[in-house]
Amino acid sequence: MSTNLPDQSVIVSIVIPCYNHGQYIQEALDSIDAQKINYPIEIIIVDDGSTDDGTLQKLEELKKLNYTVIHQTNGGPGKARNTGIEKATGQYILPLDDDNKIHPNYI
């Protein structure tokens with residue numbers, strides 16, 4: 001999902017590497033939604049070769065909700081972060097692990 005509007009540049013790109021943590025990723029996304037953000041952001045989720053059905057199903061659901069989901073073979077969280085950063089268009093990058101949450105005033 002992205003609050004990016006066609007005529008506005010993305011300010012913050014949030015990059016979330018994900019590997020078999022489908023049960024946690026919604027909490028991370030909810031913590032982003034709780035932010036009081038009044039500028040365009042983008043959320044990029046990089047699937048690092050997840051193998052469990054629950055995670056793969058969750059990522060498919062997120063795609064249908066217009067989240068950017070990139071699939072790659074497993075290379076570790078650093079590679080997944082770098083893949084997301086390469087695709088990011090924001091002025092600033094916020095890496096967020098799939099099993100973490102951010103404080104409501106963090107961004």
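A salt bridge is a side-chain nitrogen of Lys or Arg within 4 Å of a carboxyl oxygen of Asp or Glu. By that definition, a search of the whole structure, which is a predicted model, finds four salt bridges. Three of them are described further on, after the overall layout and the helix α1.

The protein contains three helices and four strands. Along the sequence these elements follow one another in the pattern β-α-β-α-β-α-β. The radius of gyration is 13 Å, close to the 13 Å that the globule rule gives for 107 residues, so the protein is as compact as a globular protein of that length. Along its principal axes, the C-alpha trace spans about 35 × 25 × 25 Å. Of the 107 residues, 41% are buried. The contacts can also be sorted by distance along the sequence: among those with a separation of 6 or more, 80% are between residues 24 or more positions apart. The surface that the protein exposes comes to about 6,100 Å², and carbon and sulfur atoms supply 49% of this area.

The helix α1 covers residues 22-33. Its 12 residues, at 1.5 Å each, should span 16 Å, and the C-alpha atoms at its ends are 17 Å apart, which agrees. Which residues of α1 are buried? They are Gly22, Ile25, Ala28, Leu29, Ser31 and Ile32. Viewed down the axis of α1, these buried residues fall within an arc of 155 degrees, so they line one face of the helix. The parts that cover them include the strands β1 (12-18) and β2 (41-48), along with helix α2.

Helix α1 also takes part in one of the salt bridges. Glu27 pairs with Lys101, and their closest N and O atoms are 3.9 Å apart. Glu27 belongs to α1, while Lys101 lies in the segment after β4 (92-95), so the pair ties together parts that are 74 residues apart in sequence. How accessible are the two partners? Glu27 is partly exposed, because its relative accessible area is 42% and the partly exposed range lies between 20% and 50%. Lys101, at 58% relative accessibility, counts as exposed, because the cut-off for that class is over 50%.

The segment after β4 holds a partner in another salt bridge as well. Here the side chains of Arg81 and Asp97 meet, with 3.0 Å from N to O. Arg81 is in helix α3 (residues 77-87) and Asp97 is in the segment after β4, so this pair ties together parts that are 16 residues apart in sequence. Both residues are partly exposed: Arg81 has a relative accessible area of 24%, and Asp97 has one of 29%.

A further salt bridge sits within a single helix. Lys58 and Glu61 both lie in α2 (residues 53-64), three residues apart, which is about one turn of the helix. The closest N and O atoms of this pair are 4.0 Å apart. Is Lys58 buried or exposed? Lys58 is buried, because its relative accessible area of 16% falls under the 20% cut-off. Its partner Glu61, at 38% relative accessibility, counts as partly exposed.

Conventions: Residues numbered from 1 in each chain as written. Predicted model: local features only at pLDDT ≥ 70, side-chain atom pairs only at ≥ 80, totals over all residues. Heavy atoms only, no water. Helix = DSSP H or I, 4+ residues; strand = E, 2+ residues; numbered from the N terminus. Buried < 20%, exposed > 50% of the residue type's maximum accessible area, 1.4 Å probe, protein only. Expected span 1.5 Å × (residues − 1). Arc of directions from axis to C-beta. Contact = heavy atoms within 4.5 Å. Rg over C-alpha atoms; globule rule 2.2 N^0.38 Å. Areas by Shrake-Rupley, 256 points an atom, 1.4 Å probe, with all protein chains shown as cover.
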